[in-house]
Amino acid sequence: MNHKILLSLILLSCLFVSTTIASAAKPIINADTTYYDVNTGLYMLKGNVYIEVSNRIITAGQAKVSLSSLEVWGSDGITLTQDNIYLTAGSVYVYGSQKKAMLDGGVTFKQPNLTITSDTADFNWRTKLGIFNGQVQITQGDNTWSADSVTYNIETNTLQ
């Protein structure tokens with residue numbers, strides 16, 4: 001009798017795990033032109049690129065996407081939005097599995113009552129930190145100042 005109960009629990013656990021995996025958010029990917037390169041395993045996207053994963057949206061003029069590694073290389077007018085965060089840049093490289101993004105080519109970060117512009121930025125969604133480097137301009141409320149580098153904690157809404 002105990003073996004039947006144990007076997008039932010194992011089968012129920014396997015069913016729960018497979019249902020949870022199947023219900024994980026699948027990315028939504030759209031573009032004017034889409035091509036899958038079998039040699040590299042990358043989706044090549046051009047024109048009005050739109051990539052949505054959970055509540056994070058990336059738009060670009062063109063991008064390459066690896067669904068296996070959850071990496072995105074985008075350029076030509078990048079926007080990245082999530083919740084109340086809005087970023088623009090010339091290019092982005094997203095390490096999806098590591099929850100990191102590197103932005104380049106003039107970055108603008110906006111949140112209510114805060115704007116940061118810089119040459120480059122690195123974001124880490126695990127640590128909730130954004131690190132801005134190169135000709136950094138910060139506008140918070142009525143105050144504006146410059147810095148070589150600034151770190152912003154998204155979770156606590158504080159500059160470090």
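Two strands count as paired here if DSSP finds at least two bridges between them. Keep that in mind as you click through this predicted model.

**Stop 1: S4 and S5.** Select strand S4 (56–66) and strand S5 (71–82). They run antiparallel and share nine bridges. For one rung of that ladder, pick Gln62, whose bridge partner in S5 is Ser75. Now follow the chain round the hairpin: four residues sit between S4 and S5, and Leu70 in the turn has a positive phi of about 55°.

**Stop 2: S5 and S6.** Add strand S6 (85–95). S5 and S6 are antiparallel too, joined by 10 bridges. Zoom in on Gly74 and you'll find Val92 of S6 opposite. This hairpin has two residues between its strands, and Asp83 takes a positive phi near 50°.

**Stop 3: the cavity.** Next, select Leu80, Gln82, Ile85, Leu87, Phe123, Trp125 and Ile154, which line the largest cavity. S5 and S6 are the elements that each give two or more residues to that lining. The space inside is about 40 Å³, and the count of cavities of 30 Å³ or more comes to one. What is the lining made of, by class? Six residues are nonpolar, one is polar and none is charged.

**Stop 4: the pocket.** Finish at the largest pocket, with a volume of about 530 Å³. Centre your view on Val53, Ser54, Arg56, Gly96 and Lys99, the closest to its centre of the 24 lining residues. Strand S3 (42–53), S4, S5 and S6 each supply two or more residues to this lining. Colour by class and you get 13 nonpolar, six polar and five charged residues.

Conventions
Residues are numbered from 1 along each chain as its sequence is written. This is a predicted model: local features need pLDDT of at least 70, side-chain atom pairs count only at pLDDT 80 or more; totals for chains, interfaces and linings use all residues. Side-chain values use heavy atoms; hydrogens and water are left out. On a 1 Å grid over the protein atoms alone, a cavity is a set of points where a 1.4 Å probe fits but cannot get out, and a pocket is an open set with protein on both sides within 12 Å along at least five of seven lines; lining residues have an atom within 4 Å of a point. Grid points are joined across faces, edges and corners, and a volume is the space filled by probe spheres set on the points. Ala, Val, Leu, Ile, Met, Phe, Trp, Tyr, Cys and Pro count as nonpolar, Asp, Glu, Lys and Arg as charged, and the others, Gly among them, as polar.
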